[in-house]
Structures are given as structure tokens and as C-alpha cells.
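Hi,

Here's the structure I said I'd pass along. Have a look at it first, then read my notes underneath.

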Amino acid sequence: MKRSALITGITGQDGSYLAEFLLQANYRVFGLVRRSSTINFERIAHLQDKVELIPGDLLDPSSLMAALERSQPQEVYNLASQSFVPTSWSQPVLTGEFTALGVTRLLEAIRVVNPRIRFYQASSSEMFGMVEESPQTERTRFYPRSPYGIAKLYGHWMTVNYRESYGMFACSGILFNHESPRRGIEFVTRKVSYAVARIKSGLQDKLRMGNLEAERDWGFAGDYVRAMWLMLQQEKPQDYVVATGVAHSVRNVLEVAFGHAGLDYREYVEIDPQLTRPAEVHRLRGDYSKARRELGWAPQVSFEELIGIMVDSDLELLACTAPRLTVAASLP
Ligand code: NDP
Ligand code: GDR
């Protein structure tokens with residue numbers, strides 16, 4: 001019998017890599033997708049005849065129960081959330097509904113339908129916020145600095161609580177920033193790689209940025225979904241930090257990305273105070289020793305390789321879409 005997994009957030013960056021990974025491991029893969037007026041299956045277009053999509057929303061408990069009944073999964077990966085930190089200040093209540101209470105709705109649905117299902121929760125290094133020690137481990141105290149970080153912290157503790165209250169196999173992966181060519185265009189690495197490709201192609205001449213001194217521990221999304229799966233294959237449910245152990249500044253991202261295309265970022269970047277955050281997380285760096293020791297996990301792609309891959313991918317994307325845009329522009 002094939003094992004089954006249900007992924008919420010399958011249309012997102014991580015959902016698409018996790019679906020690929022699980023299909024390769026011979027799982028039957030189900031994905032929860034919410035209704036929208038335009039289809040946004042771009043990241044999973046290549047998997048559409050391989051994954052089974054189920055309509056549902058983290059806001060709607062009965063749709064979650066129905067999705068569990070239909071997919072009968074052994075494993076559930078909860079990747080769905082409002083994941084862009086700045087939006088959490090402009091839409092704090094909605095962020096709480098999706099990113100915090102959404103976790104409880106899903107845990108409750110699992111408890112009622114089949115409490116033996118193994119559950120993965122996408123927790124975040126944003127929970128560390130104003131860090132109290134560096135690097136951060138599973139034992140570092142949390143101090144979130146945004147409505148997003150606070151919502152994630154609630155989801156994190158609910159996961160721990162369902163494990164302790166009901167004996168459920170519920171794990172929380174505390175993942176540091178991870179990127180890829182499939183990253184949303186609003187996140188800093190992709191914003192930069194896409195801008196570099198546009199500047200190189202003569203489509204743009206300036207790039208407006210926020211705080212260049214912020215530091216993050218950036219890894220490759222394809223590496224990180226492997227850690228999610230490994231957590232659910234252990235004997236005991238536990239929480240793990242997943243990171244590279246190396247921090248870089250946003251300025252480093254600019255240097256490497258522009259440099260990769262033979263450009264000097266200082267000629268193109270302008271600081272826009274409106275892009276700075278009401279409360280910033282200045283510096284994050286993770287210690288993934290526990291994941292290495294217990295899961296046998298380690299990152300495979302370096303920061304420089306990652307940024308290079310993203311710039312190359314966006315250059316290719318523009319090379320493919322430019323002729324189509326030209327054709328569209330010449331239509332009567
Ligand atoms: P994305 O923003 O790329 O994807 C988010 C997904 O959630 C999308 O599929 C989106 O669907 C879905 N979604 C949002 N709201 C709902 C809802 N109400 N009901 C159902 N689905 C919903 O995020 P990533 O792939 O980058 O991240 C995956 C998870 O990991 C997120 O929870 C994120 O907060 C967390 N995380 C991410 C890190 C990173 O660096 N990428 C680091 C640490 C944690 P739609 O396509 O319809 O919008
Ligand atoms: P983050 O990612 O908030 O860490 O959350 P993001 O890429 O948005 O920001 C990283 C850092 O870059 C600084 N920055 C800018 N950020 C954006 N988006 N745009 C800019 O122009 C800009 N200029 C500077 C930010 O201030 C910040 O310090 C991501 C998300 O994927 C979360 O869902 C996830 O939980 C965390 O990573 C871990």
C-alpha cells in the first residue's frame with residue numbers, strides 16, 4: 001500500500017518542493033487548495049497529473065475534516081499561512097486567523113478524524129525575533145517582533161500542546177529563511193534576483209530596498225523539505241531547528257546577486273524608508289546540531305550557489321517571457 005500525505009500550502013514555494021520530494025519517495029500526494037478567482041498553480045503545474053488537489057481553507061474547519069476523510073493520510077504537512085512579514089502589520093487579524101488559529105483548526109480536525117496521523121507544523125525562526133543568544137537552538141527563548149512571529153509562536157505551542165495533551169505525533173520544524181527560484185517575488189532574495197535580471201535585460205534601472213544591514217541565515221528550500229519529512233519518520237515526535245549555521249546581510253545578497261551578473265549594486269540601489277519595518281529582526285543564525293545528530297540532515301547548497309541559481313533562473317525566465325511579451329504588445 002502506498003503511503004499518503006496531505007500538504008496544506010501546496011501551491012507555495014515549500015509545498016511544491018515537498019510534493020516533488022514525496023512523489024519521488026512513492027507517496028500518494030494530496031494538496032489542499034483554496035478557492036481564488038484566478039488559478040495560481042504555477043509552482044505545481046508540472047505535477048498536476050501526479051498530485052490530487054482538494055478544495056479547502058484553513059479558515060473553514062469542515063473543509064479540513066473533509067480533506068482528511070478523503071485523503072486518509074498517514075502524514076499531514078501544515079505549510080499554509082500568511083507568510084509575508086510586512087503584511088502581518090497591515091493585516092494582523094487575518095494573519096492570526098490563518099497563521100495561528102489555522103493550526104488549531106487543523107490539529108482539531110486531525111484529533112477528531114484520526115489522531116494517529118503524523119503532523120508537521122511549519123514554525124519559523126521569526127519566533128526568536130529579538131534574539132537572546134546566537135546561534136539559536138531549540139532551547140533559545142522566543143521574543144517575536146511581528147504579528148507574523150507572534151502568530152507562528154501560537155501555532156508552535158499548540159503543536160507542542162497537542163503532543164503533550166493527546167499524545168499525538170506532532171512536530172514543529174523551526175526553519176530559518178529558505179529560498180529558491182520559486183520564492184515569492186516580494187521576499188528579499190527573489191526581489192533582488194528578479195531585479196538583477198531585469199536590470200541586466202535593460203527593463204529596469206533602479207531597485208528600492210529597505211534595511212540592508214539585517215542578517216539572515218539563508219538556505220535552499222529543496223534541502224529544507226527533506227528535513228520536514230525526516231522529522232515525521234522518527235520514533236518520537238520532537239521539534240528541530242533547520243538552518244545552515246551561517247548568516248549574511250541583505251547587503252551581501254546585493255553584492256553576490258549583482259556581482260553574479262557582472263554589475264555593481266551601488267549603482268542601482270536606493271534606500272526607501274517606507275520599506276523598513278516597524279520592528280525589525282536584526283540578526284538570525286541557527287544551530288542545526290540536533291537535526292544533524294538525530295535526523296542525519298545537513299544543508300547541501302551554499303549561500304553563494306543559491307543566489308547564483310536564483311539570478312540565472314530569473315535571467316532565463318525573462319529570456320523566455322520577453323519574446324512572448326513582444327508578441328503580445330504587437331497584437332492589434
Ligand atoms: P508561501 O507564501 O510560498 O506559501 C503559502 C501557502 O499557504 C500558499 O500555498 C497559500 O495558498 C497557502 N495559504 C495561505 N492562506 C491559506 C488558507 N487560509 N487556506 C489554505 N491555504 C492557504 O510560503 P512558503 O512556501 O515560503 O512557506 C511555507 C510555510 O513555512 C509557511 O507557513 C511559512 O510561514 C513557513 N516558513 C517559511 C520559511 C521560508 O523561509 N520560506 C521559513 C520558516 C517558516 P495560495 O497559493 O492560495 O496563496
Ligand atoms: P523574512 O524575509 O521577513 O525574514 O521572513 P524577507 O525576505 O521578507 O526579509 C528578510 C530581511 O530583508 C530585509 N529587507 C527587505 N525585505 C523585503 N522583503 N524587501 C525589501 O525591499 C527589503 N529590504 C531589506 C527585511 O527587513 C528583513 O530583515 C521570511 C518569510 O519566509 C517568513 O514566512 C519566514 O518565517 C521567515 O523568512 C523565516
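Below is what I found, starting with the ligand and then moving on to the cores. One thing to keep in mind: this is a predicted model.

**Around the ligand**

There are 24 residues around ligand 1, and the ones that come nearest are Thr11, Asp14, Arg34, Ser83 and Tyr148. Thr11 puts a polar side-chain atom 2.6 Å from a ligand oxygen. Asp14 works through its backbone instead, with an N or O atom 2.8 Å from an oxygen of ligand 1. Then there's Lys152, where a polar side-chain atom sits 2.9 Å from a ligand oxygen. On its own the ligand exposes 910 Å², and the protein buries 90% of that.

As for who builds the shell, α1 (13-24), β5 (118-124) and α5 (147-166) each give two or more residues. The largest share is from β5, with three. By type, the shell splits into eleven polar, eight nonpolar and five charged residues.

**The cores**

The largest nonpolar core has 40 residues, and Leu22, Tyr77, Tyr120, Met231 and Trp297 touch the most other members. The top contributor to this core is helix α7 (residues 221-232), which gives eight residues. Met231 is worth clicking on: leaving aside neighbours within four places in sequence, its contacts are Tyr120, Phe169, Cys171, Ser172, Gly173, Leu175, Tyr240, Val242 and Leu295. Apart from that core lies another one of 22 residues, including Val192, Tyr265, Val269 and Val311.

Cheers

Methods. Residues numbered from 1 in each chain as written. Chains lettered and ligands numbered in written order. Predicted model: local features only at pLDDT ≥ 70, side-chain atom pairs only at ≥ 80, totals over all residues. Heavy atoms only, no water. Near = heavy atom within 4 Å. Polar contact = N/O pair within 3.5 Å; in protein donor to acceptor, adjacent residues only side chain to side chain. Areas by Shrake-Rupley, 256 points an atom, 1.4 Å probe, with all protein chains shown as cover. Helix = DSSP H or I, 4+ residues; strand = E, 2+ residues; numbered from the N terminus. Nonpolar A, V, L, I, M, F, W, Y, C, P; charged D, E, K, R; others polar. Core = buried A, V, L, I, M, F, W, Y, C linked by side-chain atoms within 4.5 Å. Buried < 20%, exposed > 50% of the residue type's maximum accessible area, 1.4 Å probe, protein only. Contact = heavy atoms within 4.5 Å.
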